[in-house]
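The following report describes how the pieces of one protein chain are packed together. It begins with a single residue and works outward to the elements around it.

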Amino acid sequence: DFVGSIMVEGRGAGAGPTASAVVADLVDIARGVHIPAFTLPAGSLVRLPTRAMEGHVGAYYVRLMVVDRPGVIAEVTAALRDSDISVESFLQRGRAPGEAVPVILTTHETKESAMQTALSKISNLEATLEEPRVIRIETS
């Protein structure tokens with residue numbers, strides 16, 4: 001690895017970028033250019049053992065839709081506390097007493113099984129209006 005970490009920025013997938021990538025692939029095929037996927041021949045790839053997801057350790061991004069009323073944040077953090085999960089950041093924007101508001105939080109590293117337990121408790125709270133949206137935060 002002569003370059004180290006790099007970041008590529010662009011428009012991402014969409015009509016134009018996807019069409020451009022497909023046309024570039026067709027041109028490569030027409031020219032007889034064959035580049036192995038992931039720049040490695042499939043024969044040199046090594047199969048790694050799978051692990052149960054419950055044992056995965058990482059941080060999480062969670063978006064909740066909850067009723068804006070006193071005590072809701074305490075209920076959410078109690079569910080996290082009871083599952084031994086530490087909150088890194090917590091954000092509630094907007095004010096709509098008695099109505100739905102989004103709550104965004106990130107956690108410190110924790111086990112997937114603990115996170116699933118906490119999410120189940122949070123989903124069952126009276127103030128929770130929809131299933132929590134969760135994204136695993138992967139680090140290298």
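## A residue and its surroundings

Apart from neighbours within four places in sequence, Met115 is in contact with Tyr60, Val62, Leu80, Ile85, Thr107 and Thr110. These contacts are read from a predicted model, for which the chain averages a pLDDT of 88, with 93% of the residues scoring at least 70. Among the elements of the chain, helix H1 (residues 15–31) has the lowest mean pLDDT, at 83, whereas H3 has the highest, at 97.

Met115 is also one of the residues with the most contacts inside the largest nonpolar core, a set of 20 residues in which Val62, Leu64, Val76 and Leu80 are likewise named for their contacts. At least two residues of this core are supplied by each of S1, H2, S3 and H3.

## The two helices of the core

Helix H3, spanning residues 112–123, contains 12 residues and reaches 16 Å from its first C-alpha to its last, which is close to the 16 Å expected at 1.5 Å a residue. Its buried residues are Glu112, Ala114, Met115, Ala118, Leu119 and Ile122. Seen down the axis of H3, these buried residues fall within an arc of 155°, so they line one face of the helix. The elements against which they pack are strand S1 (57–67), helix H2 (72–82), strand S3 (100–107), strand S4 (110–111) and strand S5 (133–137).

In H2, the buried residues are Val72, Val76, Ala78, Ala79 and Leu80, and they pack against S1, S2, S3 and H3.

Two residues of the loop between H2 and S2 can be set side by side. Ser83 is found in this loop and, at 9% relative accessibility, counts as buried. Leaving aside neighbours within four places in sequence, Ser83 is in contact with Ala114, Thr117, Ala118 and Lys121. The C-alpha atoms of Ser83 and Thr110 are separated by 9.4 Å, although the two residues are 27 residues apart along the chain. Asp84, which lies in the loop between H2 and S2, is by contrast exposed, with a relative accessible area of 70%. The phi of Asp84 is near 60°, a positive value in a residue other than glycine. Most residues other than glycine have a negative phi.

## The strands

S1 is mostly covered, in that 8 of its 11 residues are buried. The strand pairings, each of them antiparallel, are listed below with one pair of opposed residues for each.

| Strands | Bridges | Opposed residues |
|---|---|---|
| S1 and S3 | 7 bridges | Val66 and Val101 |
| S2 and S3 | 5 bridges | Phe90 and Leu105 |
| S1 and S4 | 2 bridges | Gly58 and Thr110 |
| S1 and S5 | 5 bridges | Tyr61 and Ile135 |

S1 is thus joined to S3, to S4 and to S5, while S3 also pairs with strand S2, which comprises residues 87–92. Between S1 and S3 there is a further named pair, in which Val103 of S3 is the bridge partner of Leu64, and Leu64 is itself among the residues with the most contacts inside the largest nonpolar core.

Which residues does Thr107 touch, not counting those up to four places away in sequence? Thr107 is found in strand S3, and its contacts are Ala59, Tyr60, Ile85, Ser86, Val87, Glu88 and Met115. With a relative accessibility of 1%, Thr107 counts as buried, since buried means under 20% relative accessible area. Tyr60 and Ile85, both touched by Thr107, are also in contact with Met115.

## A residue in helix H1

Val22 is found in helix H1, the element with the lowest mean pLDDT (83). At 43% relative accessibility, Val22 counts as partly exposed. The C-alpha atoms of Val22 and Pro102, which are 80 residues apart along the chain, are separated by 38 Å.

Terms used:
Residues are numbered from 1 along each chain as its sequence is written. This is a predicted model: local features need pLDDT of at least 70, side-chain atom pairs count only at pLDDT 80 or more; totals for chains, interfaces and linings use all residues. Side-chain values use heavy atoms; hydrogens and water are left out. Helices (H or I, at least four residues) and strands (E, at least two) are DSSP runs, numbered from the N terminus. The expected span of a helix is 1.5 Å times one less than its number of residues. Buried means under 20% relative accessible area, exposed over 50%, partly exposed in between (1.4 Å probe, protein chains only). The arc is that of the directions from the helix axis to the C-beta atoms. Contact means heavy atoms within 4.5 Å. A nonpolar core is a set of buried Ala, Val, Leu, Ile, Met, Phe, Trp, Tyr and Cys residues joined through side-chain atoms within 4.5 Å. Two strands pair if DSSP finds at least two bridges between them. pLDDT is the predictor's confidence in each residue, from 0 to 100.
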